[in-house]
Each structure stands twice: as structure tokens, then as C-alpha cells.
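Visitor: Could you take me through one chain of this model, up close? I'd like to hear about chain B, and then about how the nonpolar cores are laid out.

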Amino acid sequence: MAALRDGDFAALQILLKAPSKDAVRQLCQECFSSPAAALGPLAQRACPGLAVSAQEAEQLVSALHNLTRHAVYRGLTRAEDILCLFPENFHQNLKNLLTKIILENISAWRNEAQASQISLPRLVDMDWRVDIKTSSDSIARMAVPTCLLQLKIQEDAALCGNNPVVSALTVELSKETLDTMLEGLGRIRDQLSAVANK
Amino acid sequence: MGLLNFTRDPVPEAVSGDMHNLNQLSAQQFSALTEVLFRFLTEPKEVERFLTQLSDFATMNKISLGPLKNIVKSILLVPNGALKRNLSSEQVRADFIALGLSEEKASYFAEQWKVNSPTLTRLAVGQTLMINQLIDMEWKFGVTAGSSELEKVGSIFLQLKLVIKKGSQLENVYVELTLPQFYSFLHEMERVKTSLESFS
């Protein structure tokens, strides 16, 4: 997790050279969303627009990344809290602009952070169908209903980058298995309501 | 021999000889043997026990074990075929008579068949092919307190571990669900249950 460093605020002042407020806004969003490893290429793209050296661009991009992520980490939703982060001699207008941009984006960024949190593989979709088994090699005539459940599972987003792997798993359940499963799910629901009502 | 109910294939020649030998047994002996057979049919995994009981029967009734095993093999042809073809007890009785068993013994066996067939049918259905059968489900749910990106989170997560039989191996599948997904999943499973119940 990014922590704010002293050099960061000096680097942020480079934003004063940005062509427009929207350019700053755009850069903030890109810096937040980018993982630390991808900051290098991002800096290279930002270079020409800001008319700075490669090294300065890297420092800026890194500083913006740290600032935005720090604000999201701490869950800062009030202007005063964000303004406090900046040192005393920081450029006033730039400070206000950055604070404004952060406030505008903080809840979207928070959702983004939660969505890309590490987790076990996630369920993304679920389909089912009920079949009736009428015959098999062990018994010529029967009428046994059975359920086929297809779960679409997405691997951990952090591991897959931009190409999440979704696998489909088809599972067969007999009526007895389904009843037992529903019993378990019911117990989960009861415990969830108990927790919610506390 | 007329058309048999339990099979369309020709019956091995030894069978009529075996039926003749069976007819020599007293009613009590036949009843004891039938009991051993049905106990095996309803618990097919207990092979050791079955062989021991057969050997005890052979000793007690002064019959050689070898011929006894052949007789048992012949008898078992009928219930195995009857199970596959959902035969009634009358059909089983008729088949034994056609094979050469006495009416009295054929009726007795058919009666035992009637008594045991629900259990045997259930066993056969249980052996029917299932694709990726769900064996077990374990779950836990909790609250995410914080993460490297968010100091305070406070969201609920649910984790399921599904144990699935793939061929002869068991495989564990881990899945995480959000709360809305869980409620949706529960709702869908209840719909499945209603559907399965309407077909039972």
C-alpha cells in the first residue's frame, strides 16, 4: 500500500505545467487505477503532455498514485481531511483542485478497490436445469429427477490482470443432496439475519 | 424352455442341472440359502461376509462348496436380470419355473423378491451415472475488516467449498459470493427444489 513520502509533494507541483484541469483529472484517474508495476509506461505516456523529463514524469505519476491511493485507503470523505495531507507551503490552487478531484472520485475509487480485492474465485453466474433420468444400464425403466447446476467462476482478478479466466463447472445434484444443501443455505440465511439485527 | 422374462440371451446349459440340485434341498435349506443370497444382493459390498456364509451353509448341509457356488451363480442370474428389467414377482416366479425350479421354491423366491425389490431398485438407481456429483458443501461467512487498499471495509463475504466427484476422484472447488449473490443463489435453489418435487 502506498504511503506518502516527502518527495511526493514536490513532484506534485509539476502538475502546474499541465495544459488543463481536465488533463489533471484524467491523470489522477489513470494514476489511481494503475497498479504500481504499470506506472512506468504510464509516466512515458504522460511525458509529452507535461513537457517534463522522463524522470520527473515518473516521480509525478508515482506521487499521484500514492496520494490517491492513500486517500482511498484512509476513506477520506471530507475536504478538510484531504487538505490536511498537503504541507503548508503547497500551491494553494493546485491543492484545492486535487482535493476537489479526489472528492469527486472517492466513492468510485473505493468500489474499484473493493472489486479488485483479493478473494477466492468468485461466482459470476449460475444456471440450472432439471432432467428426468428414464433409463440406464443398471435399470431399464425409472423416472428419477435430477438437477444440473452450472456455476461460472472467475479466478482472482489480481492474478489475471485484464484477462480474467472464467471457468464453467457443471455439477449434478440428486434431490437428497439438494435438500441438504438448502438446509445449509437456510442456516446461513438465519445467521446472516441474526448478525444484521444486532 | 419358452421365452424368459429376465433375459433375451440363451441361458448357460449348467443352469438346468443347478436347478435340479436346488430342488433336492429341503424347504428349510432353500429358505436359509435364499436369505444369504438376498442379504448379499441388498449389501453388495459385503463380499467377504457372503462367501463366509456360503461356506458355512455348505458345511452345515454337507454340500461341497464348489457345486454350491455354481448353483448360486445360476440363481443370481434371475434377480440381476429382473432388476434391470423391472420384473414383477409373478414374472420372476414364472422364470424360475421355466428354468426347472419346483413351483413351491419358485413361489418362495418370488415372495422374497417382492419384499426386497424396493431396496434393490433404490440401490440400482443409486448406481446410475452422475456427472460431477456434488458430494459435500462446506461454508463460512465473515466480514472483511480491511485490506491493503482500504483501511476499513466492513463488507460481508460468503465462501463455499464444494466437494465434487469427478470420475473416481474428489475435487474441491472454492467459490466466494457476495451477499446479493447468495440471496439470489438461495432463491434459485428453492426454485429447483420446487421443480424436482413436482416431478417426484
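Guide: Start with the contacts: in chain B, among those with a separation of 6 or more, 54% join residues that sit 24 or more positions apart. Keep in mind as we go that this is a predicted model. The elements behind that chain are 7 helices and 3 strands, and from the N terminus they read α-α-α-α-α-α-β-β-β-α. So much for the order; now the outline. The C-alpha trace of chain B spans about 85 × 35 × 30 Å along its principal axes. Its radius of gyration is 27 Å, where a compact globule of 200 residues would come in near 16 Å. As for burial, 38% of the 200 residues in chain B are buried. The chain exposes about 11,300 Å², with carbon and sulfur atoms supplying 53% of that area. On the charge side, chain B carries 20 positive and 22 negative side chains, and the centres of these two sets lie 2 Å apart.

Now the cores. The largest nonpolar one has 41 residues, and the members touching the most others are Leu12(A), Leu15(A), Leu64(A), Phe86(A) and Leu98(A). In chain A, the elements giving two or more residues to this core are α1 (6-12), α2 (21-33), α3 (39-50), α4 (54-74) and α6 (92-115). Zoom in on Leu64(A): beyond its neighbours within four places in sequence, its contacts are Leu12(A), Leu15(A), Leu27(A), Cys28(A), Cys31(A) and Leu98(A). Apart from that core lies another, of 37 residues, and this one brings us back to chain B, with Leu4(B), Leu22(B), Leu37(B) and Phe57(B) among its members.

How values were computed
Residues are numbered from 1 along each chain as its sequence is written. Chains are lettered from A and ligands numbered from 1 in the order in which they are written. This is a predicted model: local features need pLDDT of at least 70, side-chain atom pairs count only at pLDDT 80 or more; totals for chains, interfaces and linings use all residues. Side-chain values use heavy atoms; hydrogens and water are left out. Helices (H or I, at least four residues) and strands (E, at least two) are DSSP runs, numbered from the N terminus. The radius of gyration is taken over C-alpha atoms; the globule rule is 2.2 Å times the number of residues to the power 0.38. Buried means under 20% relative accessible area, exposed over 50%, partly exposed in between (1.4 Å probe, protein chains only). Contact means heavy atoms within 4.5 Å. Accessible areas come from the Shrake-Rupley method with a 1.4 Å probe; for residues, only the protein chains shown count as cover. Lys and Arg count as positive and Asp and Glu as negative; His and the chain ends are not counted. The place of a charge is taken as NZ of Lys, CZ of Arg, CG of Asp or CD of Glu. A nonpolar core is a set of buried Ala, Val, Leu, Ile, Met, Phe, Trp, Tyr and Cys residues joined through side-chain atoms within 4.5 Å.
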